[in-house]
Amino acid sequence: MEKILFECSLHGHISNNLKEKLLDRLIGICGTHPIPIFEHEIGFVPTIQTPEGPTRNEDILLRLKSPIEENDLTKRQWILCQLGLPETRTGRTVTVRPVLYSKISTGDALKFMNVLGYRYAFEFAKKGIVFTFRDALKISITQIFKAYVQLEVSKLTPYDPKENWMVEVTTIPVPQDQVDACCLELRLFGDSLKGILNLFHVDHLVLQNKIHYS
């Protein structure tokens, strides 16, 4: 049986006016310059859904994620992502959720999702930059875009008309016994950004209330 791993994260957003200050702070903290990121992500829900109610939140939701190559917008290297709901532990100031990532090396990934009993629900593209810190944290600063045509990323428009930037700090997936240490490292990292950016965790009840099915 594959061991369950957990991903810890904090989130925030920042305007264009403060972006350069944040970049300067991160370069100083991380000791490296960022690398560009451009990704395509597609969400799927079960074809046969649990009836509406609290138990629907227990449905397993899957995503396909792939980097996008600027010189070939049709090329994909899909990764299957299973993202569990954040844990409900009270007093937790970091989002902690079970995760499973599996590379799909051959075949048609979209047809594979149908075989698994899942259907298309939503998609978006994410573009920006990413830092790494001590090979343990990933700090992404991105904007989210929607496509005019399903499964096509040649023409995109920002979700946020103000074109603010989303910031997400995540740990590498770790076993349960390392979660507390990762949460502490995340909180300390978040403290180092105060004055420019305030990071927050996603409450599990808020997230559940935002989940909807097409």
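**Exercise 1. Confidence along the chain**

Over which residues does pLDDT stay under 50, and how many contacts beyond four places in sequence does the model have for them?

*Solution.* The structure is a predicted model, and the chain averages a pLDDT of 88. Of the residues, 88% score at least 70. The stretch in question is residues 204-214, where pLDDT stays under 50. For this stretch the model has 21 contacts beyond four places in sequence. Where pLDDT is low, the predicted coordinates should not be read in detail.

**Exercise 2. Overall composition**

Determine the secondary structure content of the chain and the order of its elements.

*Solution.* Step 1: the chain contains four helices and nine strands. Step 2: read from the N terminus, the elements follow the order β-α-β-β-β-β-α-β-β-β-β-α-α. Step 3: of the 214 residues in the chain, 40% are buried. Step 4: the accessible surface comes to about 12,700 Å², and carbon and sulfur atoms hold 55% of this area. Step 5: among contacts with a separation of 6 or more, 70% join residues 24 or more positions apart.

**Exercise 3. The pairing around β2**

Establish with which strands β2 pairs, and in which sense.

*Solution.* Step 1: β2 (residues 35-46) pairs with β3 (residues 62-67) in the antiparallel sense, over six bridges. Within this pairing, glutamate 39 has proline 67 of β3 as its bridge partner, and isoleucine 42 stands opposite leucine 64.

Step 2: β2 also pairs with β6 in the antiparallel sense, here over 12 bridges. Glutamate 41 has phenylalanine 124 of β6 as its bridge partner.

Step 3: the pairing continues from β3 to β4 (residues 79-83), again antiparallel, over four bridges. Leucine 64 of β3 has leucine 80 of β4 as its bridge partner. Leucine 64 thus appears in two pairings, opposite isoleucine 42 and as partner of leucine 80.

Step 4: how enclosed is β2? Since 10 of its 12 residues are buried, β2 is largely enclosed by the rest of the structure.

**Exercise 4. Salt bridges that reach across the sequence**

Compare the settings of the salt bridges formed by glutamate 39, glutamate 69 and glutamate 70.

*Solution.* Step 1: the structure holds eight salt bridges. One of them joins the side chains of lysine 126 and glutamate 39, with an N to O distance of 3.8 Å. This pair links distant parts of the chain, as lysine 126 belongs to strand β6 and glutamate 39 to strand β2, 87 residues apart. Both lysine 126 and glutamate 39 are buried.

Step 2: glutamate 70 forms a salt bridge with lysine 127, the closest N and O atoms being 3.1 Å apart. Glutamate 70 lies in the loop between β3 and β4, while lysine 127 is in strand β6, so this pair ties together parts that are 57 residues apart in sequence. Glutamate 70 is exposed because its relative accessible area is 53%, and lysine 127, at 35%, is partly exposed.

Step 3: glutamate 69 forms a salt bridge with lysine 75, with the closest N and O atoms 3.5 Å apart. Glutamate 69 is partly exposed at 29% relative accessible area, as is lysine 75 at 37%.

Step 4: salt bridges may also be joined into a network, and here Glu87, Arg92 and Asp180 are linked in this way.

**Exercise 5. The surroundings of α2**

Characterise leucine 116 and aspartate 108 by location and accessibility.

*Solution.* Step 1: leucine 116 lies in the loop between α2 (109-115) and β6 (118-133). Its relative accessible area of 39% falls between the limits of 20% and 50%, and therefore leucine 116 counts as partly exposed.

Step 2: leucine 116 joins Phe112 and Val115 in a nonpolar surface patch, whose members have about 280 Å² of accessible area together.

Step 3: aspartate 108 is found in the loop between β5 (95-103) and α2. With 41% relative accessibility, aspartate 108 is partly exposed.

Step 4: what C-alpha to C-alpha distance separates aspartate 108 from tryptophan 78? The distance is 9.6 Å, for two residues 30 apart in sequence.

Key:
Residues are numbered from 1 along each chain as its sequence is written. This is a predicted model: local features need pLDDT of at least 70, side-chain atom pairs count only at pLDDT 80 or more; totals for chains, interfaces and linings use all residues. Side-chain values use heavy atoms; hydrogens and water are left out. Patches are made of residues with over 30% relative accessible area and no salt bridge: like charges are joined within 9 Å, nonpolar side chains (Val, Leu, Ile, Met, Phe, Trp, Tyr) within 5 Å. Accessible areas come from the Shrake-Rupley method with a 1.4 Å probe; for residues, only the protein chains shown count as cover. A salt bridge is a side-chain nitrogen of Lys or Arg within 4 Å of a carboxyl oxygen of Asp or Glu. Buried means under 20% relative accessible area, exposed over 50%, partly exposed in between (1.4 Å probe, protein chains only). Contact means heavy atoms within 4.5 Å. Two strands pair if DSSP finds at least two bridges between them. pLDDT is the predictor's confidence in each residue, from 0 to 100.
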